[in-house]
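Colleague: I should be grateful for a close look at one part of this assembly, namely the way in which the chains meet. Please describe the contacts between the copies, and then the parts of each chain that bear on them.

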4 protein chains.
Amino acid sequence: MPDPVISRQVDQRLHELYERHKALDDSDVAGYYDSVRGLLAPEVAGEERDCFGIALAAHDGDVYVAGDAERPFALQSISKVFAYSLALEDHGREEVLRYVGVAPSGDAFNSIVFDERHHRPHNPMVNAGALVTTNLVRGKDHAERLERIVDVVRRYAGNPDLDAHRPTYEAELEIADHNRAAAYLMRSQDMLGGDVEEILTLYLQQCSITVTCRDLAMMGATLANGGVNPVTGERVLARERVRDVLSVMYTCGMYDFAGEWAFEIGVPAKSGVSGGILAAVPGKMGIAVFSPGLDAFGNSVRGIRVCREISGRLGLHTFADETEDTLMRRAQEPATES
Amino acid sequence: MPDPVISRQVDQRLHELYERHKALDDSDVAGYYDSVRGLLAPEVAGEERDCFGIALAAHDGDVYVAGDAERPFALQSISKVFAYSLALEDHGREEVLRYVGVAPSGDAFNSIVFDERHHRPHNPMVNAGALVTTNLVRGKDHAERLERIVDVVRRYAGNPDLDAHRPTYEAELEIADHNRAAAYLMRSQDMLGGDVEEILTLYLQQCSITVTCRDLAMMGATLANGGVNPVTGERVLARERVRDVLSVMYTCGMYDFAGEWAFEIGVPAKSGVSGGILAAVPGKMGIAVFSPGLDAFGNSVRGIRVCREISGRLGLHTFADETEDTLMRRAQEPATES
Amino acid sequence: MPDPVISRQVDQRLHELYERHKALDDSDVAGYYDSVRGLLAPEVAGEERDCFGIALAAHDGDVYVAGDAERPFALQSISKVFAYSLALEDHGREEVLRYVGVAPSGDAFNSIVFDERHHRPHNPMVNAGALVTTNLVRGKDHAERLERIVDVVRRYAGNPDLDAHRPTYEAELEIADHNRAAAYLMRSQDMLGGDVEEILTLYLQQCSITVTCRDLAMMGATLANGGVNPVTGERVLARERVRDVLSVMYTCGMYDFAGEWAFEIGVPAKSGVSGGILAAVPGKMGIAVFSPGLDAFGNSVRGIRVCREISGRLGLHTFADETEDTLMRRAQEPATES
Amino acid sequence: MPDPVISRQVDQRLHELYERHKALDDSDVAGYYDSVRGLLAPEVAGEERDCFGIALAAHDGDVYVAGDAERPFALQSISKVFAYSLALEDHGREEVLRYVGVAPSGDAFNSIVFDERHHRPHNPMVNAGALVTTNLVRGKDHAERLERIVDVVRRYAGNPDLDAHRPTYEAELEIADHNRAAAYLMRSQDMLGGDVEEILTLYLQQCSITVTCRDLAMMGATLANGGVNPVTGERVLARERVRDVLSVMYTCGMYDFAGEWAFEIGVPAKSGVSGGILAAVPGKMGIAVFSPGLDAFGNSVRGIRVCREISGRLGLHTFADETEDTLMRRAQEPATES
């Protein structure tokens, strides 16, 4: 049980952070993604413009929230992390590596340029690699494969109510020609097998799984906690696989901004086009931000800013050895004095 | 002072490692680099074929060696790490970022494709980025700039005898047309200013600085120790810059193999075409391997194998939370029982 | 009616040409295309290895043949010429240019790199451009569009029996993932509209139209004769459109070899993966060669050789002003003395 | 001697053409090139904005001019045609093909992407190919090589006063880093040998040769006349080489617009960044236009328009078989009635 004094202090800091980043100049926003209408200019984005939630889940399970932390949104590309973790469980590291690499490519998320040397997509965080990864998930039929993906997400979050969102994935299927092209291109080169339309459907169903910031932060905390959900106590990912998942998040998780993210913020993370960012800080916490205004890389503008500040103040950067802020950090550590 | 029992055990383990990796099948080797003759096939590589040294420098300064650990070789691309650290000291993070990025590009080390969005080379570990970095090193003239670069390398190693090797850099200047082209291309796009021939000379002089595995391991230990040489006690890099240097090593240091390295071995590192690999494990140790047989990526074949094994057995991977071997690790930790 | 003496001489020359090029070293052949099995190595190509036919149709309708000139084969990419001519008739030059360019791209026939400046495929002779072209062909439904394509090919050849070959296009549909990817990619970028599977079927039906060398030479003669079939006297293409069709054949018709073809052989031409080459020499003749052994560019090895020799000896190069051979040429000219 | 009635009519038509194209909207102009200042925006281009000259030289030597036809300007890239013709004379077709291809690349004029299959620049009309071509020109030293290039240009024009323009090439050498990079890149890949700075100087000297529209039209007439200057009667290029030169002009002469030029205008041509366009219509005439306002491809805006109109009205397109205008054409034909 968290120390009530510390809890209140963390709460205050999180709300102060939320207030400070609430103002957002439209000129910083490249667009908003809508699964029906595609990328939208700020002036037509409606209420999405103002959505903004933050959640922090300590590795021991305490959760702190601010803003629209209970508002549901689709995981989109963040789901790639969990499909990859499932593929690793189903096949092991070596086998998965045969089909999808682990190298940041420098190419856009929707690149159709592959790793020619190894005849595979560059990594599981670009769309092409994610299609291959999703197709590696085992199951006797489509329904079982989907059920397994949804189930693993539920267990990461410790929330049995999470589910794919039909209107979202049906809308996405309508505008999925680029992914369709990537899939057929890979199939033409024997990098992908099976029914493309079915793989695409499964992939978009996975992307449509709807969560809140609270859920997402807990999913991060599970990764941060070595694969064990800190609330349910369930092991969701084998200990030796956590390293693999965190590694690809670290080098490939933030689209074309991945290099700068690793340099400046320095924690394993993954963003999605719906405006979510998930960060998992090993041994410390999961962080989730949701704010749909995207920058030119496709990352949430507020999300990047909030994560940069949290990482800096708590000294979370993987290669940092000092912190700018000790109070908040204490909240994530076992309260030894109580 | 290290516990003599532990020291002997580490020594034994290192020699056992050396012996086990000594055998090397020519078919695993893409070539050997010679600064006069360029890339050589194994059958004409002469005595270079058999060179093989390993050194480990604990963050507290203890050094363990095996094989040809006292044999001198040119830093080559490993020097990029130290020129970058000097440029960061001279200009600060923001200014350096204006001229050279921090993103793994997915391109080869000699790529002449730049980050068009930011009008700069992708990162300081590819040749183009290294030319820009070297050109950022301050000095009133060429001699002073070179002296500053050599000096920082000496202080990292705690060895005042290190120096640039004239026959090497003179030979390299003869075969430097690709780097020359990269420099003129950048100058034509205002990414680089100044006299190309002079910049190139300074860069190749920096690359020709000659070290041993023992030196190199100590250079790694200095980075691992937060920027302070553990033997001389001198601060070589500001504490807040260490994070930046380790970050680019982590994501960009191993040529096209950087992604797989981060996934499998998971420590900040840099390799050079002369066959050296430097790894810096924050808070733990510096590792150096020298063995000139290169794989298709340009990394030392034995170097990769040795580092993979050390990382695995000591649990050094950044995102690992367990080790396969505890004995050796104890040697790197303060000996609490003595 | 041709002069019988000249006819006999042309016949002799053509057979002599056939005999001289009959020998073909497997080492010059990169492969053989089979619509069921894809690209085949020479040793498994079976009787295809020996197929070799030549036909010449003078602009006045006289036809000369040698070898397997009556053996049927699928037009494959040669059909792109006729679909393009139909699209030009249906929409006019300006409108067609909006959807597909006329620039040799330097890319492979199956390139999925587009003309970004104009947001269209580079030209109608690469697959992507041909898919767009075929989709421009008018018709109230699929059946009518196919009928119009088949019909125009029949009229070019003056042979009402020509037709699409179901086993061929059904087999091609099975291995069409690369074209499928190109089509979805273009649709995702609004370069192509409609049902991809239907467009692809129509395109592959068009490619499967089966002809003989005799037919193909007559199709060339129709183009050479300003768009009027010299035997039936029917105008198949408006006079002002002939220029457009010959122009793209000239610069884009021979895959990546187009530049060298224009330099060395210098006549409008188109090749297909089945081993056919069609050349149309304005005011003079149509030439057809069929021989399935393909070079690395995908052009018929014997086809290139025979065309080079005919062009050289008859002085057919667009920018040549002298001939090496006058006899054969006389055969293509109105026999003024008879 | 031309028929005076026809001459007057051609003169009138040319002046009418000049007047009609004199008006030029700045919004159609991407920029103006100045050898000292590089590419300039229209608003700072000064008197260059209004320069506009046209010249027509019939294959029999009659010349018709309008506007600034006597104003000198540097050949720039148009010189590539004549250096190529000289390299062909010096080495023959096969040998030159070993070093530089004949394929339109689809890349920009300053592309540093090469024909990897053949290890050579794509064609002699892109800068990289032109550097190689110029380096193929024979001579015992730099001075003799330059003299031979200047001399051949003089003989094409029939004007012994033509010369390289020192202020132009000295200014160009200052801003030649991109070409310098291309040269070093090729030398690093053994596509180019020798002293890069000397090759570059020779190339820029060649580019700086100064002509008028009148000269340029006569140079085109020499090519149109099978390699014989129609006024001096001197053979400047062997008959069998004319075909080669016209071929590469036809497919590669107009930068990235080459494909559309071949489709729409359809005559061998070459443009230069100084605003000149040279067209050579075999058996008919040379056409020269000078107007420095460039489009996005680097071609003269007025030049393209004037050539399009002349080609269309005189039916000059290589694959056209009819003309829209017969009067002007008669002027280029031997006046049979006089």
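Modeller: The account below begins with the relations between the copies and then moves to the domains, the sheets and one residue. The model is a predicted one.

I begin with chains A and B. A turn of 180 degrees and a shift of 0.0 Å along the axis lay chain B on chain A, with an RMSD of 0.0 Å. Within chain B, the residue whose C-alpha comes closest to the rotation axis is B:G106, at 2.7 Å. The contact draws 29 residues from chain B and 29 residues from chain A. On the side of chain B that touches chain A, two helices of chain B, α9 (239-252) and α10 (258-264), each supply at least two residues. The largest share of that side, seven residues, is provided by α9(B). Sorted by class, the side of chain B that touches chain A holds ten nonpolar, twelve polar and seven charged residues. As for the surfaces used, 100% of the interface residues of chain B are also interface residues in chain A, so these copies meet through the same surface.

Chains A and C come next. Chain C is superposed on chain A, with an RMSD of 0.0 Å, by a rotation of 180 degrees with 0.1 Å of shift along its axis. This is the relation of a two-fold axis. In chain C, the C-alpha nearest the axis belongs to C:A181, which lies 2.0 Å from it. Here the contact takes eight residues from chain C and eight residues from chain A. The side of chain C that touches chain A consists of three nonpolar, two polar and three charged residues. For this pair too, 100% of the interface residues of chain C are also interface residues in chain A, so the copies meet through the same surface.

Within a single chain there is a further contact, between domains. Chain A is divided into domain 1 (4-73 + 211-332) and domain 2 (77-207). The C-alpha centres of these two domains of chain A lie 22 Å apart. In their contact, 35 residues of domain 1 of chain A meet 27 residues of domain 2 of chain A. The elements of chain A that give two or more residues to the domain 1 side are α9 (213-224), α10 (239-252), α11 (258-264), β7 (269-271) and β8 (276-281). The largest share of that side, eight residues, comes from α10(A). By class, the side of domain 1 of chain A that touches domain 2 of chain A has 16 nonpolar, 13 polar and six charged residues.

The sheet may be followed in chain B. Five strands of chain B form an open sheet with antiparallel pairing, in the order β4-β3-β9-β8-β7. Its edge strands are β4 (63-67) and β7 (269-271) of chain B, each of which pairs on one side only. On average, neighbouring strands of this sheet are turned by 10 degrees against each other, direction ignored. Strand β3 (residues 53-58) of chain B runs antiparallel to β4(B) and is joined to it by five bridges. Across this pairing, B:L56 stands opposite B:Y64 in β4(B). Two helices of chain B may be placed against these strands. Helix α1 (residues 4-22) of chain B lies across β3 and β4 of chain B and runs at about 30 degrees to β4(B). Helix α8 (residues 213-224) of chain B packs on the sheet, where it touches β3, β4, β8 (276-281) and β9 (285-290) of chain B. The direction of α8(B) makes about 150 degrees with that of β9(B).

Chain C offers one residue for closer inspection. C:I209 is found in the loop between α8 (196-207) and β6 (210-211) of chain C. With 25 other C-beta atoms within 10 Å, C:I209 is buried. Leaving aside residues up to four places away in sequence, C:I209 touches C:A74, C:L75, C:S79, C:V150, C:V153, C:L162, C:D163 and C:A164. By contrast with these contacts, C:I209 and C:G31 are 22 Å apart in space, C-alpha to C-alpha, and 178 residues apart in sequence.

Note on methods. Residues are numbered from 1 along each chain as its sequence is written. Chains are lettered from A and ligands numbered from 1 in the order in which they are written. This is a predicted model: local features need pLDDT of at least 70, side-chain atom pairs count only at pLDDT 80 or more; totals for chains, interfaces and linings use all residues. Copies are superposed by least squares on the C-alpha atoms of residues with pLDDT of at least 70 in both. Two residues are in contact if their C-beta atoms, placed from the backbone, lie within 7 Å. Helices (H or I, at least four residues) and strands (E, at least two) are DSSP runs, numbered from the N terminus. Ala, Val, Leu, Ile, Met, Phe, Trp, Tyr, Cys and Pro count as nonpolar, Asp, Glu, Lys and Arg as charged, and the others, Gly among them, as polar. A residue is buried if 20 or more other C-beta atoms lie within 10 Å of its own, exposed if 12 or fewer, and partly exposed in between; C-beta atoms are placed from the backbone. Two strands pair if DSSP finds at least two bridges between them. Axes are lines fitted to C-alpha atoms, for helices over the stretch in contact, and angles run from 0 to 180 degrees between N-to-C directions. Domain bounds come from an automatic or database domain assignment.
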